[in-house]
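Let's walk through this structure together, one element after another. Keep the sequence and the 3D view side by side as you read.

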Amino acid sequence: MKEQKIREELMQCRELMTDVFQSGLTGLPESLKDRCRREETFVRQYGMEWLADRIEELTELLEKQRHLIGGENAEEVVGLFCRIITYLEEGIRLSGLEEAGIRISQREWEQE
Amino acid sequence: MSEIMQFLKTVDEEYLIGLSNKGIVKRSYKDLESVTVKITEEGDEILGQYDDISVRLKLPLTSSTCSCPSTSICKHVIMTILAAQKVGENMATQEGKTEESAAGQEAITSQAVATGQGATSQGKPAGQEATSQKAVQEPKEKTLGSRLLEIPTERLRKAATDKEWMGLLTQTDWEEDFEIAEGNMITVRNLKFQWTVKLSWPIELSTCSACHNEKLCVHKVAAILAWQFRNGVVTPEGLAEETVVSEDDFDSESIPEVLADAKALLDEMLLVGSARLSPETPLGLERLSLRAHGAKLPNLEEMLRVLSEMVSGYHARRANITAADLLRKIVECHALLGKLERAVSEGKGILTFAGAFRSEYMDVPDLLLHGIAMREFRSASGYAGKTIYFFEEGSRAFYTYTAARPTIYEKAKRRGNAGEQVPWELPCTLLQLCSATVRLRDGKANAEGRLSSTSQAHAELLRVGGALPDAIGEIIFDDFEEMWKAYLERSKKAQGELSEAEKLFLLRPKDLLSVEYDEVRQKSVFYLEDFQGRRLRGELAFSKQEETAIRSLERMHEKRKRQEEELPVFFGSIYVRDGECIFYPIETVERVRLEKN
């Protein structure tokens with residue numbers, strides 16, 4: 001189901017952002033940087049250009065953060081990060097509702 | 001015809017109910033069948049007499065008096081109004097006959113003139129011709145509707161308390177909550193709380209079925225605003241903006257400080273990351289929550305308090321608080337801070353985001369409550385108790401009553417029902433209440449349908465057990481797709497944040513397909529099937545409180561397999577998880593209670 005795939009992709013992206021949150025927004029470890037680049041590609045493949053652009057922007061800003069002492073970009077990073085999370089939460093909610101609606105309309109499906 | 005007689009012509013049954021109550025009006029109609037009230041007009045007053053009762057009707061009708069000991073509008077006053085209306089009708093008929101013959105004369109005369117001049121009035125009925133001529137001559141009076149539109153917001157604002165006003169602005173859906181009918185009066189019905197206001201002019205002649213207050217009460221204010229909104233005179237944003245942020249409403253100095261400090265703390269939490277959050281963070285959030293309370297920002301206060309508890313839970317490695325949950329809440333709080341900051345800097349709209357204290361209880365009209373379920377609970381925040389679910393016959397809505405007690409200090413195991421008080425001094429137990437029928441007067445409920453145990457309410461226990469009313473049949477879903485459409489509509493209205501009451505549904509499935517216990521996740525999973533072959537997943541997590549329900553479901557399934565039993569109606573909550581609609585069952589309602597449905 002297309003809606004299911006979109007929701008799962010968004011959840012994966014949210015998981016990545018949660019890991020970024022755990023690590024903090026003052027920099028980006030290499031492992032997370034690679035994951036961000038990959039996630040940006042996957043998200044673009046699903047046609048979510050806005051989200052892909054924001055992930056790209058965040059990755060670059062966090063890279064810059066590593067080299068800044070005073071955290072001059074802090075407000076910008078936090079603002080961007082919050083916008084991404086808001087988008088993901090709303091996207092997951094709406095795609096979840098769509099998917100649930102399709103499931104409930106089905107007359108023949110297997111029990112889990 | 002006198003002014004009071006003219007006014008009585010506009011009074012209908014709903015207005016009379018607003019003056020007194022339904023019971024008095026019904027009794028008045030009945031008693032009038034066997035009694036004749038003598039009506040006499042005395043200037044601007046009407047005197048009604050029968051037996052040894054003497055009633056004096058005045059405008060506003062709430063100031064009418066009766067010789068009986070009653071201090072409020074009694075049945076004698078209502079009977080006098082009804083009798084006076086009858087007299088007024090007879091007078092009008094007489095006057096009408098006199099006017100018609102005079103009009104007829106005029107029309108014949110004017111028609112003769114018009115015909116002579118080759119006039120345009122050919123073909124019009126004589127009465128209409130005369131009437132239209134008369135209309136042109138009379139000065140144009142303002143209609144009731146236009147007078148109501150001219151009432152300034154300031155006057156309405158002053159009639160409500162700060163809390164009432166904020167409640168109106170933040171908890172009212174001006175498009176969906178009201179039904180308005182125009183007639184001699186403008187009738188405004190609140191569909192959520194089922195009260196009715198009959199608006200008249202002067203405004204003191206209006207009645208309110210919720211509080212029967214003769215003054216300009218919050219319900220009349222809401223009714224006038226609903227009328228003004230319907231006619232495009234006000235908008236919710238305009239109302240919030242017009243309510244100026246002043247020293248009386250908000251402390252305009254401390255708010256920016258609170259917002260700035262809250263933002264600084266949230267930014268720091270995001271920058272350092274959840275793995276390095278300081279152990280002082282929950283305390284910092286709690287302090288900010290208190291400051292938000294002092295600055296009259298209830299939405300922010302609640303959010304910061306919840307966040308403080310979540311961070312504590314996260315530090316304590318509680319399984320139900322994950323980094324994802326924490327992140328979601330921080331971002332939600334951040335978004336609210338942004339909106340509040342913008343509102344403060346622009347000097348308008350702060351009320352929209354400040355919120356109202358959501359547990360605010362408001363007056364509700366008389367409710368006829370039918371108990372359908374009871375659920376025991378034990379919360380993580382240290383409370384336990386029981387929630388009773390009611391079906392309200394008039395509004396077809398669900399209401400709840402919760403009897404809770406703190407468990408934090410309980411050392412010994414509790415016995416019996418100590419600490420779980422039955423509300424409104426009802427002569428029954430909580431268990432009996434969940435299948436009882438209760439009439440509740442002067443009650444209060446909040447926006448989520450939670451009933452208050454206020455001592456000002458008066459309740460009458462009509463019966464325990466027995467059949468539920470026919471009206472409940474209207475809200476039982478036997479088609480899961482229809483149920484889903486209803487859920488989506490509620491979700492859209494609530495902008496995604498459904499209250500507990502809004503998630504409640506009654507389902508009549510065709511079959512209970514399977515019941516299996518998931519040992520790993522510790523929950524019972526079952527499937528219901530509707531008459532169209534659609535399936536709905538149900539889940540019940542294991543706990544001491546739910547153990548009986550799980551066993552009951554298993555037994556029900558066994559009996560279904562042997563075709564021994566008809567399925568009951570299921571009452572429970574709907575939610576969405578991982579793209580699937582899930583049903584959480586609270587209770588089953590036996591068919592015998594719904595025998596007419």
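Two strands are taken to pair if DSSP finds at least two bridges between them. Keep that in mind for the first stop in this predicted model, a run of strands early in chain B. Strand β1 (residues 38-42) of chain B and strand β2 (residues 45-50) of chain B are antiparallel partners, held in register by five bridges. Within that pair, I39(B) sits opposite G48(B) of β2(B). The two strands make a hairpin with two residues between them, and G43(B) in the turn has a positive phi of about 65°. The pattern then continues: β2(B) also pairs in the antiparallel sense with strand β3 (residues 53-57) of chain B, over five bridges. Here G48(B) faces V55(B) in β3(B). β2(B) and β3(B) form a hairpin as well, with two residues between them, and D51(B) in its turn has a positive phi of about 50°. Strands of a sheet pair through backbone hydrogen bonds, either parallel or antiparallel.

Further along chain B you will find an open sheet of four strands, in the order β5-β6-β7-β8, with antiparallel pairing. Which strands are at the edges? They are β5 (178-182) and β8 (207-208) of chain B, each of which pairs on one side only. Inside the sheet, strand β6 (residues 186-190) of chain B runs antiparallel to strand β7 (residues 195-199) of chain B, and five bridges join them. One of the residues to look for is N190(B), whose bridge partner in β7(B) is W195(B).

Now step back to chain B as a whole. Its secondary structure comes to 18 helices and 22 strands. Of its 597 residues, 33% count as buried. Among contacts between residues at least 6 apart in the sequence of chain B, 58% join residues at least 24 apart.

What about the nonpolar cores? The largest one has 107 residues, and I78(B), I81(B) and L199(B) have the most contacts inside it. Helix α9 (residues 218-230) of chain B supplies the largest share of this core, eight residues. L199(B) is a good place to zoom in: leaving aside residues up to four places away in sequence, L199(B) touches L144(B), L148(B), M185(B), I186(B), V188(B), S206(B), A223(B), I224(B) and W227(B). A second, separate core has 50 residues, and it includes L58(A) along with A262(B), A295(B) and L336(B).

That brings us to chain A. Its mean pLDDT is 89, with 90% of its residues at 70 or more. Confidence in chain A is lowest in helix α3 (residues 49-66) of chain A, at a mean of 91, and highest in α2(A), at 94.

Start with helix α1 (residues 2-23) of chain A. Its 22 residues, at 1.5 Å a residue, should span 32 Å, and the end C-alpha atoms are indeed 32 Å apart, so expectation and model agree. Buried residues of α1(A) include I6(A), L10(A), C13(A), M17(A), V20(A) and F21(A), and also R7(A), E9(A) and R14(A). An α-helix has 3.6 residues a turn, so residues three or four places apart point the same way. What covers the buried residues of α1(A)? The cover includes α2 (30-45) and α4 (74-105) of chain A, together with α11 (254-272) and α14 (323-346) of chain B. After α1(A) comes G24(A), with a positive phi near 100°.

Turn next to where the chains meet: 30 residues of chain A are in contact with 33 residues of chain B. On the side of chain A that touches chain B, the elements giving two or more residues are α1 and α4 of chain A. Of these, α4(A) gives the most, with 16 residues. By class, this side of chain A has 11 nonpolar, 11 polar and eight charged residues.

Finish at helix α18 (residues 547-561) of chain B. The 15 residues of α18(B) should span 21 Å at 1.5 Å a residue, and the end C-alpha atoms are 22 Å apart, which agrees. K561(B) has its place in this helix. Is K561(B) buried or exposed? K561(B) is exposed, because 10 other C-beta atoms lie within 10 Å, and a residue counts as exposed at 12 or fewer. K561(B) and L512(B) are 49 residues apart in sequence, yet their C-alpha atoms are 9.0 Å apart in space. Following α18(B) is Q563(B), whose phi is positive, near 55°.

Key
Residues numbered from 1 in each chain as written. Chains lettered and ligands numbered in written order. Predicted model: local features only at pLDDT ≥ 70, side-chain atom pairs only at ≥ 80, totals over all residues. Buried ≥ 20, exposed ≤ 12 C-beta atoms within 10 Å, placed from the backbone. Contact = placed C-beta atoms within 7 Å. Expected span 1.5 Å × (residues − 1). Nonpolar A, V, L, I, M, F, W, Y, C, P; charged D, E, K, R; others polar. pLDDT = per-residue confidence, 0-100. Core = buried A, V, L, I, M, F, W, Y, C linked by C-beta atoms within 7 Å.
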